[in-house]
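User: Please take a close look at one part of this structure, the open sheet, and describe how its strands are arranged and what packs against it.

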Protein chains: 2
Amino acid sequence: MNSFIYDIPTKVYFGENQLGHLGEELGRYGKKVLLTYGGGSIKKSGLYDKVVAEIKKAGLELFELSGIEPNPKVSSVRAGAELCKKEGIEVLLAVGGGSVIDCTKFIGAATFYDGDAWDILEEKAEITRCLPILDVLTLAATGSEMDSVGVISNSETKDKICQGSPLMQPKVSFLDPTVTYTVSPYQTACGAADMLSHVIEVYFNMNKDLYMLDTVMEGLMKTIIKYAPVAMAQPDNYEARANLMWVSSWAINGFVEGGKRQSWSCHPMEHELSAIYDITHGLGLAILTPKWLEYCLNETTASKYYQFGCSVFGLDASLEPMEVAKKSIALVEEFLFRTLGLKSRLSEIEIDDSNFEVMAAKAVRLGNLGNAFVPLDKNDVINIFKMCL
Amino acid sequence: MNSFIYDIPTKVYFGENQLGHLGEELGRYGKKVLLTYGGGSIKKSGLYDKVVAEIKKAGLELFELSGIEPNPKVSSVRAGAELCKKEGIEVLLAVGGGSVIDCTKFIGAATFYDGDAWDILEEKAEITRCLPILDVLTLAATGSEMDSVGVISNSETKDKICQGSPLMQPKVSFLDPTVTYTVSPYQTACGAADMLSHVIEVYFNMNKDLYMLDTVMEGLMKTIIKYAPVAMAQPDNYEARANLMWVSSWAINGFVEGGKRQSWSCHPMEHELSAIYDITHGLGLAILTPKWLEYCLNETTASKYYQFGCSVFGLDASLEPMEVAKKSIALVEEFLFRTLGLKSRLSEIEIDDSNFEVMAAKAVRLGNLGNAFVPLDKNDVINIFKMCL
């Protein structure tokens with residue numbers, strides 16, 4: 001069992017009507033606030049007006065950067081960092097989902113770097129400082145609201161890279177489940193698939209680690225499976241939205257990782273898909289996960305699938321591990337493709353095998369897949385991609 | 001569902017050989033360190049020497065306060081605060097279990113108060129500042145290493161009061177499971193009973209809250225039940241000690257509470273027992289918990305017992321809720337009294353009914369038991385005490 005350091009200092013205001021604390025929290029960190037957001041859905045929902053009102057009420061100076069893309073681009077990071085340098089921004093407020101928060105993290109870091117922001121993603125430049133980041137979350141999915149990493153895409157190079165630093169950990173996050181009432185059933189499903197994948201990437205691990213963390217992960221997965229369909233059918237079901245929102249943070253904030261030291265598998269593979277085809281991250285993960293589970297199942301790994309099937313799906317513990325394993329993969333597929341109604345094949349979203357070689361090579365390199373649950377080389381990844389066609 | 005604020009900034013070094021970080025962490029907060037500990041078991045185990053070596057290596061100035069009691073007394077708080085004022089102590093390092101850490105928290109607070117330390121416990125004085133607290137945990141039980149409260153006894157008044165402030169939250173905790181190898185089977189059992197009670201106090205709650213947190217609590221309880229007997233039988237079983245240690249922190253650091261707003265039940269009752277009879281806290285909780293569960297079971301509350309029985313003990317979900325409820329209480333008793341081997345009756349530890357009236361009145365008042373899972377008045381508490389005789 002490995003040692004580890006637990007350090008998750010993000011403060012979270014969870015629930016309705018907490019925005020009244022926004023001004024005081026921002027004010028702790030500075031007077032000049034850059035508000036970052038996406039395509040404007042927060043204007044339609046009225047959230048923008050509420051946030052701006054709180055900032056003004058607190059007597060803070062407001063600057064704005066809008067138009068941050070899903071699969072956020074390094075061009076937005078560059079634009080934000082330039083604005084921060086020019087205006088002397090002191091604190092960042094991301095209002096949006098994971099894309100907006102991820103982008104804002106790198107804006108915060110790039111503000112203190114004189115070269116090109118992409119250098120930070122490529123590890124050519126170290127993250128030495130970061131502007132303080134606060135956020136108002138609008139989508140339960142990536143967990144960026146409580147972790148220290150982000151994923152940025154480069155349209156020119158078709159690269160999509162995950163990078164992190166404790167300096168980028170949000171100081172304060174506002175999680176109001178009612179804000180996610182307007183999230184469409186499709187985006188709700190993609191968010192659920194993303195969270196489920198975050199847990200699965202850590203849970204499927206042959207390292208000996210704390211059983212206690214396994215039980216927590218089993219609880220998170222059960223919660224996703226229970227409430228994602230409820231939130232899709234009843235978008236304003238507070239209980240469902242609240243459970244999904246808090247799970248999104250805890251699925252990836254580092255707590256469940258404990259001392260495990262293994263590379264994730266599906267995320268690096270999916271990053272290649274969305275880098276080239278700009279698909280929704282959660283959808284890509286949904287397509288990949290069951291096939292990857294199938295590919296990695298063998299006599300050695302079956303015990304983990306057995307634990308998963310019994311604990312998460314309540315499968316009969318008296319069955320053979322291999323039988324439980326196969327049933328549990330089928331149940332994951334049923335959840336993702338029937339219950340959530342996500343597409344199950346790359347061919348259904350117009351992805352063919354033409355880039356598999358390039359994508360597989362990059363996934364193995366950037367994702368360090370030789371250190372994964374079941375170590376994967378380029379050919380393994382190509383095989384998994386093919387299974388998903 | 002209530003809103004809540006999540007704010008648990010304690011940094012944790014978990015695992016073996018992490019003490020090398022102690023000097024650097026202490027140094028962030030000050031040069032003059034007061035090391036607090038109990039009766040000297042850390043000298044026997046060699047932990048004292050290791051800690052002192054790290055403090056010296058970091059060039060910090062060392063002061064000491066030893067002899068902090070189990071059920072720590074306000075006299076120790078007074079002595080510690082006086083020393084801090086006199087020597088200009090800048091940072092506190094508690095090396096011990098919950099008693100030492102609890103006491104150290106109030107030393108930290110009382111250092112900034114000119115009156116008598118007991119005023120803070122009695123809420124006659126507010127906690128306005130606190131010296132930074134770090135700790136090296138030696139016993140998995142109270143969770144004081146990651147929460148903001150403590151319990152202090154007053155030998156003159158026979159009061160035992162729980163009080164808290166976010167200012168007292170430890171900055172950094174060192175959790176090395178191997179340090180607990182020397183904890184006796186009996187103390188291991190009492191620690192397990194304490195942790196289990198922490199979870200049960202929150203879990204048995206009729207307020208609507210996050211299902212996700214229920215699943216986490218079920219995981220924590222399953223972990224305690226699985227590993228406490230292993231640690232008793234094999235004191236140097238790392239896996240068992242590690243699981244118990246991390247559960248001790250998460251059972252009571254506030255995470256599982258979410259938006260629940262209910263007074264705890266068994267803890268206020270137990271505090272009266274140990275205030276007068278100075279018994280081990282975990283033992284008192286073990287005796288009280290099953291009888292309290294029995295007393296609170298009714299047609300309205302049975303659903304919670306049913307969830308508990310099915311999820312924690314794997315009882316047959318097709319049975320009637322009341323049947324599952326009764327079986328689950330029997331299983332809690334079996335765990336505490338057979339598996340852990342704790343005494344099950346007050347009469348076995350020489351407590352009779354002579355103080356029940358006084359203790360019950362105090363428990364209701366100090367514990368605000370009218371706001372508990374099942375609201376309890378003085379007569380209810382006397383009834384529960386009698387059931388425990």
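Analyst: What follows is a description of that sheet, its edges, its neighbours and a separate strand pair.

In this predicted model, the open sheet is built from seven strands with mixed pairing, and their order is β1(A)-β2(B)-β9(B)-β6(B)-β5(B)-β3(B)-β4(B). The edges are taken by β1 of chain A, residues 4-6, and by β4 of chain B, residues 61-65; each has a single partner strand, and therefore one side of each is left without a neighbour in the sheet. On average, and with direction ignored, neighbouring strands of this sheet are turned by 20° against each other.

Helix α9 of chain B, residues 238-250, packs on this sheet, where the helix touches β1 of chain A as well as β2 (11-14), β6 (133-137) and β9 (172-175) of chain B. The direction of α9 makes about 170° with that of β2(B).

Within the sheet, β3 of chain B (residues 32-36) and β5 of chain B (residues 91-96) run parallel and are joined by four bridges, and T36(B) has A94(B) as its bridge partner in β5(B). In general, strands of a sheet pair through backbone hydrogen bonds, either parallel or antiparallel.

The antiparallel sense is found where β7 of chain B (residues 149-154) pairs with β8 of chain B (residues 159-164) over six bridges, with G164(B) in β8(B) as the bridge partner of V149(B). Four residues lie between the strands of this hairpin, in which K158(B) takes a positive phi near 60°.

Technical notes. Residues numbered from 1 in each chain as written. Chains lettered and ligands numbered in written order. Predicted model: local features only at pLDDT ≥ 70, side-chain atom pairs only at ≥ 80, totals over all residues. Heavy atoms only, no water. Pairing = 2+ DSSP bridges. Helix = DSSP H or I, 4+ residues; strand = E, 2+ residues; numbered from the N terminus. Axes fitted to C-alpha atoms, helices over the stretch in contact; angles between N-to-C directions. Contact = heavy atoms within 4.5 Å.
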